[in-house]
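Here are a few notes to read with the structure open beside you. They are in no strict order, so dip in wherever you like.

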Amino acid sequence: MGWIILGVVIVILFIIVISNIAVVQQSKAYVIERLGAFQEVWGVGMHFKVPFIDRIARKVSLKEQVLDYPPQPVITKDNVTMQIDTVVYFQITDPKLYCYGVEQPMMAMETLTATTLRNIIGDLELDQTLTSRDVINTKMRSILDEATDPWGIKVNRVELKNILPPQDIQNSMEKQMKAERDRRQAILQAEGQKKSAILIAEGEKESAILRADAEKQAAILKAEAEKQAAILKADGEAQAIRSVQQALADSLAMLNEKAPNDAVLKLKSIEAMQKVADGKATKIIIPSEMQGLVGLANGIVEGVKEQ
């Protein structure tokens, strides 16, 4: 009987020892209380708590966490009510302060986020709210980080996920955006037509310049060709005159070599007169010394005709 009781006691002690051994995982921290008072914070590893005296008050995650809050109604400086939902990225840096700094830290952060957002948006107009997300995010992160320091919380980032103005404001904004797009389209179209007209005018100008240059070059080439033709013609005529004169000189030289008598000379004179008579002159003056010769030539011609 005694051995049974001893065995039972040993089993109970073993269970108590095993149940009071705790293994803290990575990125976790355990807040330990002893007799209701804070004792210590357990980090990663295996720890043993005193049975019936120590207890794990809270298990805290040291990872970065995300809180996505539902849309909050806020009013801008120009009295426009809109819905904005916020996302907060935070990390617990001090498990002790997180455990004892504030009751229900997550609810406290949500309330603090909503009030901070209303205060910031209340100083901005609608247009500023829609175009100043980075400014709003920075201000909220700074305010929330400073306010949550006593709670052992580090706020890393704050993002405005959605900004939803009222439906009538959205319709007005869409009309304004459509009008702005139409205006930009008209400006772009006008600029395109202007550039097109400029390019056409420049093309016509360059074409006229090229055409004038071509005509000028053609005129120069034509004048040069006419000049060369005139030069060649003059050279040909000069060459012909030189040939005729050379032939005449050769004939005279040959005639002189043969020592012609008076009858031959008179005959040549008659041939010369014949050439003169072939012209357009209406009157021909015959030297006196040739008149007898002409009469003799006429008599010979008449005798030949009678025969």
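1. Start with Pro 150, which sits in the loop between α5 and β9 (153-164). Keep in mind that this is a predicted model. Leaving aside residues up to four places away in sequence, Pro 150 touches Leu 97 and Gly 101. With Leu 97, the sequence gap is 53 residues, yet the C-alpha atoms are 6.5 Å apart in space.

2. Next, go to helix α5 (residues 133-147) and look for helix α3 (residues 105-121): their axes come within 10 Å and cross at roughly 140°. That angle makes α3 oblique to α5, because only angles over 145 degrees would count as roughly antiparallel. The crossing of α3 and α5 is right-handed.

3. Which residues make the contact between the two helices? From α3 come Leu 112, Thr 113, Thr 116, Leu 117, Ile 120 and Ile 121. On the α5 side you'll find Ile 136, Lys 139, Met 140, Ile 143, Leu 144 and Ala 147. Sorted by class, the contact of α3 with α5 has nine nonpolar residues, two polar ones and one charged one.

4. Now for a sheet. Three strands form an open one, ordered β3-β2-β5, with antiparallel pairing. β3 (37-42) and β5 (54-61) are at the edges with a single partner strand each, so one side of each has no neighbour in the sheet. On average, neighbouring strands here are turned by 25° against each other, if you ignore direction. As a general reminder, strands of a sheet pair through backbone hydrogen bonds, either parallel or antiparallel.

5. Zoom in on strand β2 (residues 28-34) and β3. The two run antiparallel and are joined by five bridges. If you want one pair to click on, take Arg 34, whose bridge partner in β3 is Ala 37.

6. Stay with Arg 34 for a moment, as it also forms a salt bridge with Asp 54. The closest N and O atoms of that pair are 2.5 Å apart. Arg 34 belongs to strand β2 and Asp 54 to strand β5, so the salt bridge ties together parts that are 20 residues apart in sequence. How many salt bridges are there in total? The count comes to 10.

How values were computed
Residues are numbered from 1 along each chain as its sequence is written. This is a predicted model: local features need pLDDT of at least 70, side-chain atom pairs count only at pLDDT 80 or more; totals for chains, interfaces and linings use all residues. Side-chain values use heavy atoms; hydrogens and water are left out. Axes are lines fitted to C-alpha atoms, for helices over the stretch in contact, and angles run from 0 to 180 degrees between N-to-C directions. Helices (H or I, at least four residues) and strands (E, at least two) are DSSP runs, numbered from the N terminus. Angles under 35 degrees count as roughly parallel, over 145 as roughly antiparallel, 65 to 115 as roughly perpendicular and the rest as oblique. A crossing is left-handed if the near helix is turned anticlockwise from the far one by less than a right angle, and right-handed if clockwise. Contact means heavy atoms within 4.5 Å. Ala, Val, Leu, Ile, Met, Phe, Trp, Tyr, Cys and Pro count as nonpolar, Asp, Glu, Lys and Arg as charged, and the others, Gly among them, as polar. Two strands pair if DSSP finds at least two bridges between them. A salt bridge is a side-chain nitrogen of Lys or Arg within 4 Å of a carboxyl oxygen of Asp or Glu.
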